[in-house]
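Here are a few friendly notes to read alongside the model. Please keep the structure open as you go through the points.

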Amino acid sequence: MKLIIAIVNNDDSNAVQTALTEGGYFITKMATSGGFLRKGNTTFLNDEKVDGALEIIKANAKKRVEKEPTVPPTEMGEFFTPIMVDVLVGGATVFVLNVDRFEKM
């Protein structure tokens, strides 16, 4: 048996959840947050049909470029204007783990 842990950007979360449930997958959804951009993620846990679940996640969690503000270093008291930079967001980070034992109680 396998356990799929999929970390998906919040912007893609609803599409991934809908597609997985419509595909007959039972999932557990947890709210998580990332460290780099400190934006929200959703982590899905699933224990069935690995290849089909991975295809659904891949089709619904797309990478894209967004503009994010950065603050340039300034001297104390100076005014600053944030600089917008392109940041790659979205997609999914997926772990597939072997499970030795599983029980529903």
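1. A good place to begin is Leu20: leaving aside residues up to four places away in sequence, Leu20 touches Tyr25, Ile27, Ala53, Ile56 and Ile57. Do bear in mind that this is a predicted model.

2. Leu20 also matters for the view of the core. The largest nonpolar core has 13 residues, and Val8, Val16 and Leu20 are those with the most contacts inside it. S1, H1 and H2 are the elements that give two or more residues to this core, with H2 giving the most, four residues.

3. Next, the helix pair. H1 (residues 10–22) and H2 (residues 50–60) pack with their axes 9 Å apart, at an angle of about 150°, and their crossing is right-handed. On the H1 side the contact is made by Asp12, Ala15, Val16, Ala19 and Leu20, and on the H2 side by Ala53, Ile56, Ile57 and Asn60. Sorted by class, the contact has seven nonpolar residues, one polar and one charged.

4. Finally, please look at Asn9, which lies in strand S1 (residues 2–9). Is Asn9 buried or exposed? Its relative accessible area is 12%, and buried means under 20%, so Asn9 counts as buried. The side chain of Asn9 reaches the backbone nitrogen of Asp11 at 2.7 Å, a separation that falls within the 3.5 Å used for a polar contact.

Note on methods: Residues numbered from 1 in each chain as written. Predicted model: local features only at pLDDT ≥ 70, side-chain atom pairs only at ≥ 80, totals over all residues. Heavy atoms only, no water. Buried < 20%, exposed > 50% of the residue type's maximum accessible area, 1.4 Å probe, protein only. Polar contact = N/O pair within 3.5 Å; in protein donor to acceptor, adjacent residues only side chain to side chain. Axes fitted to C-alpha atoms, helices over the stretch in contact; angles between N-to-C directions. Left-handed = near helix turned anticlockwise from the far one by under 90°. Contact = heavy atoms within 4.5 Å. Nonpolar A, V, L, I, M, F, W, Y, C, P; charged D, E, K, R; others polar. Core = buried A, V, L, I, M, F, W, Y, C linked by side-chain atoms within 4.5 Å.
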